[in-house]
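Here is a short briefing to read with the model open beside you. Have a look around first, and then we can go through it topic by topic.

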Amino acid sequence: MLQVLPALNSGGVERGTVEFARELVARGHESWVLSSGGAQVARLEAEGSRHVTLPVHRKSPLSLRRVPALRRLIRELAPDVVHVRSRMPAWLVWLAWRRLPAAGRPALVSTFHSHYSVSRYSAVMARPRRVIAISETVRDYILANYPVAPERISLIPRGVDVAYFRPGAPDPEWLDRLYADFPHLRGKRLILMPGRLSRWKGQETFLRVMQRLIERDPDAHGVILGGAEANKQHYRTELENSALAMGLAPHVTLVGRRDDIVQFYRLAEVVCHLSSKPEPFGRVITEALATGCKVVAFDRGGARESLAPCFPEGLVTPDDVGEVVERIGMLTGTSVRIELPERFHLDHQVAATLAVYQQALADRDGAGEARP
């Protein structure tokens with residue numbers, strides 16, 4: 001199996017790719033990932049997959065020069081399935097794949113990880129005969145905007161590794177290190193806002209929530225966990241300046257990109273998910289729920305799909321800051337029991353995706369791939 005995506009840095013798609021690759025290896029499959037590289041390559045290879053570095057991430061006509069090299073690589077690796085997870089790499093794979101001899105082509109599968117803009121550029125994700133949608137909202141978006149027959153789309157929510165994201169207390173040694181780095185967090189009720197730093201992810205809304213919340217709960221402390229891409233580092237500075245101007249410097253901490261998010265989930269009183277537009281899925285929601293942490297999120301898109309079946313009391317009116325504050329206050333100090341449905345487990349995702357691979361292989365050996 002060959003998965004292809006732009007890079008292996010932070011983000012839900014990247015972490016999901018690495019976790020899925022690990023599970024492929026555990027089930028006896030040969031797992032390869034092609035990307036431009038990144039911080040998670042070491043983990044990927046340590047868990048048994050192999051990585052090929054090729055700059056497939058640049059949205060530029062010059063990237064077309066990579067097509068011959070990619071075609072040679074596919075010939076050399078001879079994967080049974082190539083799984084594309086982003087638009088630019090998908091174009092390069094498609095152009096390389098179509099010039100291969102029909103008898104030697106791998107099966108193609110794509111995953112829509114987002115509501116991609118409706119354009120010829122995005123339409124490449126609908127070209128494989130088998131398409132995976134990560135949520136109902138994404139599936140509906142595909143059907144509304146691309147000429148894809150419903151039977152070609154498989155709905156497979158992104159799965160949580162429940163053996164790792166499980167309920168429990170934070171590790172004592174981890175707590176000691178956390179309080180050594182951030183002593184002002186000791187004794188506070190942490191309200192956690194995890195996610196990549198991006199305007200639409202809702203960090204500015206979170207600051208407005210915290211501004212109101214500390215008026216009624218001075219022991220509450222906001223933690224923004226996540227990093228910004230290289231070209232968006234200025235946004236972190238904007239958030240820090242906004243927090244300072246709002247008088248929140250003592251009450252909100254930006255801890256940056258971390259690989260210990262499960263410990264923060266276990267420590268937090270509530271996790272907030274406040275994206276300004278419907279999320280395709282919202283991975284942090286199911287991760288937090290798997291650890292038993294309460295979640296407050298706007299009632300739309302993928303957030304609704306995740307919360308409604310297992311913690312509906314966490315849903316609030318979209319963009320209503322006051323209701324978010326009220327709901328956090330209502331949930332603070334309460335004990336809840338959260339059961340994450342099996343369809344949100346990583347094992348289910350892996351089994352369902354392998355079934356799609358089998359369908360794609362049957363298509364290749366029978367009717368062939370869908371035409372553009």
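Which residue lies over the face of W200? It is K277, at 4.9 Å from the ring centre. Please keep in mind that this is a predicted model. The points below start with rings, then move on to a helix, the strands and one loop residue.

**Aromatic rings and charges**
- A second charge over a ring is found at W97, where R105 lies over the face at 4.5 Å from the ring centre.
- The count of aromatic pairs comes to eight.
- One of these pairs is F165 with Y265: the ring centres are 6.1 Å apart and the planes meet at 55°, so the pair is tilted rather than stacked (under 30 degrees) or edge-to-face (over 60).
- This pair links distant parts of the chain, since F165 sits in the loop between β7 (153-155) and α7 (172-181), while Y265 belongs to helix α10 (residues 261-267), 100 residues apart.
- Both F165 and Y265 are buried.
- Elsewhere, ring pairs join F112, Y116 and Y146 into a cluster.

**Helix α1**
- Helix α1 (residues 12-26) is 15 residues long and spans 21 Å from its first C-alpha to its last, close to the expected 21 Å at 1.5 Å a residue.
- Of its 15 residues, 11 are buried, so α1 is largely enclosed by the rest of the structure.
- Among the buried residues of α1 are V18, F20, A21 and L24, and also the charged-type names E14, E19, R22 and E23.
- The cover over the buried residues of α1 includes the strands β1 (2-4) and β2 (32-35), together with the helices α2 (41-46), α11 (283-290) and α14 (346-365).
- After α1 comes G28, which has a positive phi, near 90°.

**The six-stranded sheet**
- Six strands form an open sheet in the order β10-β9-β8-β11-β12-β13, with parallel pairing.
- At its edges stand β10 (252-256) and β13 (315-316); each has a single partner strand, so one side of each is left without a neighbour in the sheet.
- Strand β8 (residues 189-194) runs parallel to strand β9 (residues 220-225), and six bridges join them.
- Within this pairing, L192 has V223 of β9 as its bridge partner.
- Helix α8 (residues 203-216) packs on the sheet, where it touches β8, β9, β10, β11 (270-273) and β12 (294-298), and its direction makes about 170° with that of β9.
- α11 packs on the sheet too, touching β8, β11 and β12, with its direction at about 155° to that of β12.

**Strands β5, β6 and β7**
- Strand β6 (residues 130-133) is covered on both faces: R130 and I132 on one side are buried, and so are V131 and A133 on the other.
- β6 pairs in the parallel sense with strand β5 (residues 107-112) over four bridges, and S110 stands opposite V131.
- β6 also runs parallel to β7, joined by three bridges, with I132 and S154 as bridge partners.

**Y164 in its loop**
- Y164 is placed in the loop between β7 and α7.
- Is Y164 buried, exposed or partly exposed? Its relative accessible area is 38%, so Y164 counts as partly exposed.
- Leaving aside residues up to four places away in sequence, Y164 touches D259, V262 and R266.
- The C-alpha atoms of Y164 and T291 are 8.8 Å apart in space, although the two residues are 127 apart in sequence.

Definitions and conventions
Residues numbered from 1 in each chain as written. Predicted model: local features only at pLDDT ≥ 70, side-chain atom pairs only at ≥ 80, totals over all residues. Heavy atoms only, no water. Phe/Tyr/Trp six-rings, centres within 6.5 Å; stacked < 30°, edge-to-face > 60°. Helix = DSSP H or I, 4+ residues; strand = E, 2+ residues; numbered from the N terminus. Buried < 20%, exposed > 50% of the residue type's maximum accessible area, 1.4 Å probe, protein only. Lys NZ or Arg CZ within 6 Å of the ring centre and 35° of its normal. Expected span 1.5 Å × (residues − 1). Contact = heavy atoms within 4.5 Å. Pairing = 2+ DSSP bridges. Axes fitted to C-alpha atoms, helices over the stretch in contact; angles between N-to-C directions.
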